[in-house]
Amino acid sequence: MNENQIVVCRCEEITLGEIKGTVERFQCSSREVKLRTRAGMGPCGGRTCWGTIDKLVEQLGGPAVSDEVSLSYRPPVRPVSFGVLGGETK
């Protein structure tokens, strides 16, 4: 397996090559990598890959990790019918 084919974000299937390319092209922070590639936006909300992405961006010469704009973690969203919301049971 090629190093660039290693999957960093399993939920969104974002590879090391995609993250490297994004950082090299845009010199972006880990937050910008998230917005440009969707890495960390899957069902886990980045809980499994975010530390790895932060370290990769720092090693690839992107801006150092800062706590100025914190990332928000959201619980997984599932569709719910109006009947369930209204308390209707079947």
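Trainee: Where do I start with this one: how many helices and strands does the protein chain have?

Mentor: Start with the inventory: the protein chain has four helices and two strands. Keep in mind that this is a predicted model.

Trainee: And in what order do the elements run from the N terminus?

Mentor: Read from that end, the order is β-β-α-α-α-α.

Trainee: Next, burial. What share of the residues in the protein chain is buried?

Mentor: Of the 90 residues, 31% are buried. For the surface, look at area and chemistry together: about 6500 Å² is exposed, with carbon and sulfur atoms supplying 50% of that.

Trainee: What about contacts between residues 24 or more positions apart?

Mentor: Take the contacts with a separation of 6 or more in the protein chain; 48% of them join residues at least 24 positions apart.

Trainee: Let's do charges. How many salt bridges does a search of the whole structure find?

Mentor: The general idea comes before the count: side chains of opposite charge can pair when their charged atoms come close. Here the search turns up two salt bridges. In one of them, the side chains of Glu3 and Lys20 meet at 2.8 Å, N to O. That pair ties together distant parts of the chain, 17 residues apart: Glu3 sits in the segment before strand 1 (7-9), and Lys20 belongs to helix 1 (residues 16-26).

Trainee: Is Glu3 buried or exposed?

Mentor: In between: Glu3 has a relative accessible area of 47%, so it counts as partly exposed.

Trainee: Which side chains meet in the salt bridge at 3.3 Å?

Mentor: Those of Glu12 and Arg38, again taken N to O. This pair also links distant parts of the chain, 26 residues apart: Glu12 is in the loop between strand 1 and strand 2 (14-15), while Arg38 is in the loop between helix 2 (30-37) and helix 3 (50-59). Both partners are partly exposed, Glu12 with 25% relative accessible area and Arg38 with 41%.

Trainee: On to helix packing. At what angle do helix 2 and helix 3 pack?

Mentor: Read three things for a helix pair: angle, axis distance and handedness. Helix 2 and helix 3 pack at about 115°, and their axes are 9 Å apart. Helix 2 is therefore roughly perpendicular to helix 3. Their crossing is right-handed.

Trainee: Which residues meet there, between helix 2 and helix 3?

Mentor: From helix 2 you have Ser30, Arg31, Val33 and Lys34; from helix 3, Trp50, Ile53, Asp54 and Val57. Ser30 is a good one to click on. Leaving aside residues up to four places away in sequence, Ser30 touches Trp50, Ile53, Asp54 and Val57. With a relative accessible area of 10%, Ser30 is buried.

Trainee: How do helix 1 and helix 2 pack, and what is the angle?

Mentor: The angle is about 115°, and the axes of helix 1 and helix 2 are 10 Å apart. This crossing is right-handed. Glu18, Ile19, Thr22, Val23 and Phe26 of helix 1 make the contact with Val33, Arg36 and Thr37 of helix 2.

Trainee: Now a loop residue. Where does Gly40 lie?

Mentor: Gly40 is in the loop between helix 2 and helix 3. Don't assume a loop position tells you the burial; look up the accessibility. At 4% relative accessibility, Gly40 counts as buried.

Trainee: Which residues does Gly40 touch?

Mentor: Not counting residues up to four places away in sequence, Gly40 touches Cys9, Lys34, Gly45, Gly46, Cys49, Trp50 and Ile53. You can also check a C-alpha distance: Gly40 and Val8 are 32 residues apart along the chain, and their C-alpha atoms are separated by 9.4 Å.

Trainee: Last topic, backbone angles. What is phi of Glu13?

Mentor: When you scan phi, pick out positive values in residues other than glycine. Phi of Glu13 is near 55°, so to speak a case in hand. Glu13 is in the loop between strand 1 and strand 2, and with 60% relative accessible area Glu13 is exposed.

Trainee: And what about phi of Gln27?

Mentor: Gln27 is not a glycine either, and has a positive phi of about 50°. Gln27 lies in the loop between helix 1 and helix 2. Its relative accessible area is 45%, which makes Gln27 partly exposed.

Methods. Residues numbered from 1 in each chain as written. Predicted model: local features only at pLDDT ≥ 70, side-chain atom pairs only at ≥ 80, totals over all residues. Heavy atoms only, no water. Buried < 20%, exposed > 50% of the residue type's maximum accessible area, 1.4 Å probe, protein only. Contact = heavy atoms within 4.5 Å. Areas by Shrake-Rupley, 256 points an atom, 1.4 Å probe, with all protein chains shown as cover. Salt bridge = Lys/Arg side-chain N within 4 Å of Asp/Glu carboxyl O. Axes fitted to C-alpha atoms, helices over the stretch in contact; angles between N-to-C directions. Parallel < 35°, antiparallel > 145°, perpendicular 65-115°, else oblique. Left-handed = near helix turned anticlockwise from the far one by under 90°.
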